[in-house]
Amino acid sequence: MPSYIFFPSTVGVSYDTYQKKLASTTQRAGLHSGPPGFKFIKFPSVFKSLSFKDEKCLNKEGVEIELVIEFQYRARPQKLHNVVAEFKDHSNYIKMLKFLARASIYDACSQFNTSEFQTRRSSFQELMYTIMVDRFASVSADITDLQVSNIKRPEEYEKVVRNKESAKENINIARNERPRALIEAKTAREEAITQGRINVQKAKSGSRVILSKAKAEATTIITALKAEAQAYASILHSQNLTLDGLMSYLGVRVLADNTNTVSIGFPAPAKTFN
């Protein structure tokens, strides 16, 4: 009878590979045995780290923000049967958690403008954690200790911020309009970039529609030509005609179907010499 040893950091659910039956109870640390053909689908029983390095997202203004995020996760042991039934094994489960984590990052990122990533950093991290907790709960996973260790804004934006802070130390009230104009110009540029992305997507979609229509039209023409070729081949066979005979037959049909006056020219007769 085969047996498996579970370490304290592991839990699992037994699976009978012959009867294709998954046990309903979660096994913990210890020595476990079962019938021939059974195996254990194992999951960590302790929290494991999952990190996202240089993860990029678009904020509320359409600016690309680069993030470094790390958190601890764990599948709920009491729900392990449902987790295995839905995701098969730990590898597939991790893939789903990464999809949910990225979706949570993008959602949280889209609710803050560029400056708020600095002034409201704790609020951004808290919102991301709240969204992720809710989504992970739907797949029986717990999450803890989420940390946003780095928030990198575009270099152009950072340069504008540094210039603005430096200018504040030297400029007077009369020049307060200049920073405002810079901000307006940057906002217009960001809106133009965002609109440009939208236009590119629309153009790609339109090109796919045109290509699809062209393919459908080409298929229709080819089908019609094949049908016409089959019809001529049938006439050749049924009438026992040669290719010249087929052309004569088609000429007669054209003249017979014509309702207008037809003029036909013949070559001059041969001349004889005495």
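Which residues is Ser 140 in contact with, leaving aside its neighbours within four places in sequence? In the predicted model, the contacts of Ser 140 outside that window are Arg 74, Ala 75, Arg 76, Lys 79, Val 83 and Tyr 93. Ser 140 itself sits in the loop that runs between helix 4 and strand 8. The relative accessible area of Ser 140 is 14%, and because the cut-off for a buried residue is under 20%, Ser 140 counts as buried.

The chain as a whole contains seven helices and eight strands. Of its 274 residues, 24% are buried. The exposed area of the chain is about 19100 Å², and 54% of this area is supplied by carbon and sulfur atoms. When contacts between residues at least 6 apart in sequence are considered, 65% of them join residues at least 24 apart.

Two open sheets are described here, beginning with the one that contains strand 8. This sheet has three strands in the order 6-7-8, and the pairing is antiparallel. Strand 6 and strand 8 (141–152) are its edge strands, each of them pairing on one side only. On average, and with direction ignored, neighbouring strands of the sheet are turned by 20° against each other. Between strand 6 and strand 7 the antiparallel pairing extends over nine bridges. Within this pairing, Phe 52 is placed opposite Ile 69 of strand 7. Helix 4, spanning residues 121–137, packs on the sheet and touches strand 7 and strand 8. The direction of helix 4 makes about 150° with that of strand 8.

Strand 6 also takes part in a covalent link. The structure holds one disulfide, which joins Cys 57 to Cys 109 with an S to S distance of 2.2 Å. The torsion about the S-S bond is about 70°, and the disulfide is therefore right-handed. Cys 57 belongs to strand 6, whereas Cys 109 belongs to helix 2 (residues 90–109), so the pair ties together parts that are 52 residues apart in sequence. Both Cys 57 and Cys 109 are buried.

The loop that follows strand 6 brings in a further contact with Cys 109. Asn 59 is placed in this loop, between strand 6 (48–58) and strand 7 (64–75). The relative accessibility of Asn 59 is 5%, which means that Asn 59 counts as buried. A polar atom of the Asn 59 side chain lies 2.8 Å from the backbone nitrogen of Val 63. Apart from neighbours within four places in sequence, Asn 59 is in contact with Ile 65, Cys 109, Ser 110, Phe 112, Asn 113, Thr 114 and Phe 117. Cys 109 is thus the disulfide partner of Cys 57 and one of the contacts of Asn 59.

The other sheet is likewise open, with three strands in the order 3-2-5 and antiparallel pairing. Its edge strands are strand 3 and strand 5, each pairing on one side only. Strand 2 (residues 10–16) is mostly covered, with six of its seven residues buried. Strand 2 and strand 5 (residues 38–44) run antiparallel and are joined by seven bridges. The pairing of strand 2 with strand 3 (residues 21–22) is also antiparallel and comprises two bridges.

Individual residues show how strand 2 is placed against the strands on either side. Asp 16 stands opposite Phe 38 in strand 5 and opposite Lys 21 in strand 3. Tyr 15 has Leu 22 as its bridge partner in strand 3. Strand 2 and strand 3 form a hairpin, with four residues between the two strands. One residue in the turn, Lys 20, has a positive phi of about 55°.

Key
Residues numbered from 1 in each chain as written. Predicted model: local features only at pLDDT ≥ 70, side-chain atom pairs only at ≥ 80, totals over all residues. Heavy atoms only, no water. Buried < 20%, exposed > 50% of the residue type's maximum accessible area, 1.4 Å probe, protein only. Polar contact = N/O pair within 3.5 Å; in protein donor to acceptor, adjacent residues only side chain to side chain. Contact = heavy atoms within 4.5 Å. Disulfide = S-S within 2.5 Å. Pairing = 2+ DSSP bridges. Axes fitted to C-alpha atoms, helices over the stretch in contact; angles between N-to-C directions. Areas by Shrake-Rupley, 256 points an atom, 1.4 Å probe, with all protein chains shown as cover.
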